[in-house]
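Ready to find your way around a new structure? Grab a pencil, try each exercise yourself, and then compare your answer with the worked solution.

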Amino acid sequence: MKRAIFPGSFDPITLGHVDIINRALPLFDEIIIAIGINADKKYMFTLEERVKFIEENYINEPKIKVETYTGLTIDVCTKLNVDFILRGLRNPADFEFEKAIAQTNRKMSTIETVFLLTSAETSYISSSIVRDILRNGGNVKGFVPESVTIN
Ligand code: ADP
């Protein structure tokens, strides 16, 4: 069974993430969306909210699972019996950052990182810009799936 983990903060999930996940679905039997918990990071949405936004969006997609984790991504891969890490590439900055992490993970394990290039329509979307819009009272329709709701 080909299983991939898609690790990230998903604070919140955006249509950029959704694009990568949907295009990766035919490549894998199962994709585990893994929300990393980093004690040093301040999040806008709680872990429960971030899980709910993703689960609701994929309620009719049995190949998608959602997990939360702390620690190294490769350790979670071992724990969940996953051979591939899925990541999206938006720009050269993403490439430089991801290259070092993927090569480090390869050195430390046999886990292969699979990159999908962002779609032209969603390449500019990021969770941090979505958070900025929200902080300033703007409307994020068109940037996030409908499951992302703001209290
Ligand atoms: P992280 O905190 O690990 O960067 P994110 O939730 O911001 O987590 O992103 C998770 C993954 O989704 C990363 O591989 C990132 O490059 C990818 N990603 C985010 N936004 C987009 C987008 N608009 N197009 C393609 N990939 C994206």
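What follows is a set of exercises on this predicted model, each with a solution.

**Exercise 1. Work out in which order the strands of the open sheet lie, and which strands are at its edges.**

Step 1. Start with the order. The open sheet has five strands, arranged 3-2-1-4-5, and their pairing is parallel.

Step 2. Now look for strands that pair on one side only. Those are strand 3 and strand 5 (112-117), so they are the edge strands by the meaning of pairing used here.

Step 3. Add the twist: from one strand to the next, it averages 30°.

**Exercise 2. Find how many bridges join strand 2 to strand 3, and how the chain gets from one to the other.**

Step 1. Count the bridges: there are six, and the two strands pair in the parallel sense.

Step 2. Pick out a facing pair to get your bearings. Ala34 stands opposite Glu67 in strand 3.

Step 3. Follow the chain. On the way from strand 2 to strand 3 it passes through helix 2 (residues 47-57), making a right-handed β-α-β crossover.

Step 4. Try the other end of the sheet order too. Strand 4 and strand 5 run parallel and are joined by six bridges, and here Leu89 stands opposite Leu117 in strand 5.

**Exercise 3. Say which strands helix 1 lies across, and which ones helix 2 touches.**

Step 1. Take helix 1. It lies across strand 1, strand 2, strand 3, strand 4 and strand 5, and it runs at about 115° to strand 5.

Step 2. Turn to helix 2. This helix packs on the sheet and touches strand 2 and strand 3. Its direction makes about 160° with that of strand 2.

**Exercise 4. Explain why the buried residues of helix 3 are on the same side of the helix.**

Step 1. List the buried residues of helix 3 (residues 73-80): Thr73, Ile74, Val76, Cys77 and Leu80.

Step 2. Check how far they spread around the axis. They cover an arc of only 155°, and therefore sit on the same side of helix 3.

Step 3. See what they pack against: strand 1 (3-8), strand 2 (30-36), strand 3 (64-69), strand 4 (84-89) and helix 4 (92-108).

Step 4. Flip to the face turned away from the buried side. There you'll find the exposed residues Thr78 and Lys79.

**Exercise 5. Do the same for helix 5: which residues are buried, and what do they pack against?**

Step 1. In helix 5 (residues 127-135), the buried residues are Ser127, Val130, Arg131 and Leu134.

Step 2. Their arc around the axis is only 100°, so they too belong to one and the same side, this time of helix 5.

Step 3. Their packing partner is helix 1 (15-24).

Step 4. Step just past the end of helix 5, and you meet Gly137 with a positive phi of about 75°.

**Exercise 6. Look for unusual backbone geometry in the loop between strand 1 and helix 1.**

Step 1. Recall the background: most residues other than glycine have a negative phi, and most peptide bonds are trans.

Step 2. Check Phe10, which is found in this loop. Although Phe10 is not a glycine, its phi is positive, about 50°. With a relative accessibility of 2%, Phe10 counts as buried.

Step 3. Move on to Pro12, in the same loop between strand 1 and helix 1. The peptide bond joining Asp11 and Pro12 is cis, with omega about 0°.

Step 4. Compare with another loop, the one between helix 3 and strand 4, where Asn81 is found. Asn81 isn't a glycine either, yet it has a positive phi of about 60°. Asn81 is exposed, as its relative accessible area is 56%.

**Exercise 7. Decide whether Asn105 is buried or exposed, then classify Val114.**

Step 1. Locate Asn105: it lies in helix 4. Its relative accessible area is 12%, so Asn105 is buried, given the cut-off of under 20%.

Step 2. Look at its contacts. Leaving aside neighbours within four places in sequence, Asn105 is in contact with Ile74 and Ile85.

Step 3. Val114 has its place in strand 5. At 22% relative accessibility, Val114 counts as partly exposed.

Step 4. Check what Val114 touches, not counting residues up to four places away in sequence: Phe28, Phe84, Ile85, Leu86 and Arg87.

Step 5. Finish with a distance. Val114 and Gly88 are 26 residues apart in sequence, and from C-alpha to C-alpha they are 8.5 Å apart in space.

Note on methods: Residues are numbered from 1 along each chain as its sequence is written. This is a predicted model: local features need pLDDT of at least 70, side-chain atom pairs count only at pLDDT 80 or more; totals for chains, interfaces and linings use all residues. Side-chain values use heavy atoms; hydrogens and water are left out. Buried means under 20% relative accessible area, exposed over 50%, partly exposed in between (1.4 Å probe, protein chains only). Helices (H or I, at least four residues) and strands (E, at least two) are DSSP runs, numbered from the N terminus. The arc is that of the directions from the helix axis to the C-beta atoms. Contact means heavy atoms within 4.5 Å. A crossover is right-handed if, with the strands pointing away from the viewer, the path from the first strand over the helix to the second runs clockwise. Axes are lines fitted to C-alpha atoms, for helices over the stretch in contact, and angles run from 0 to 180 degrees between N-to-C directions.
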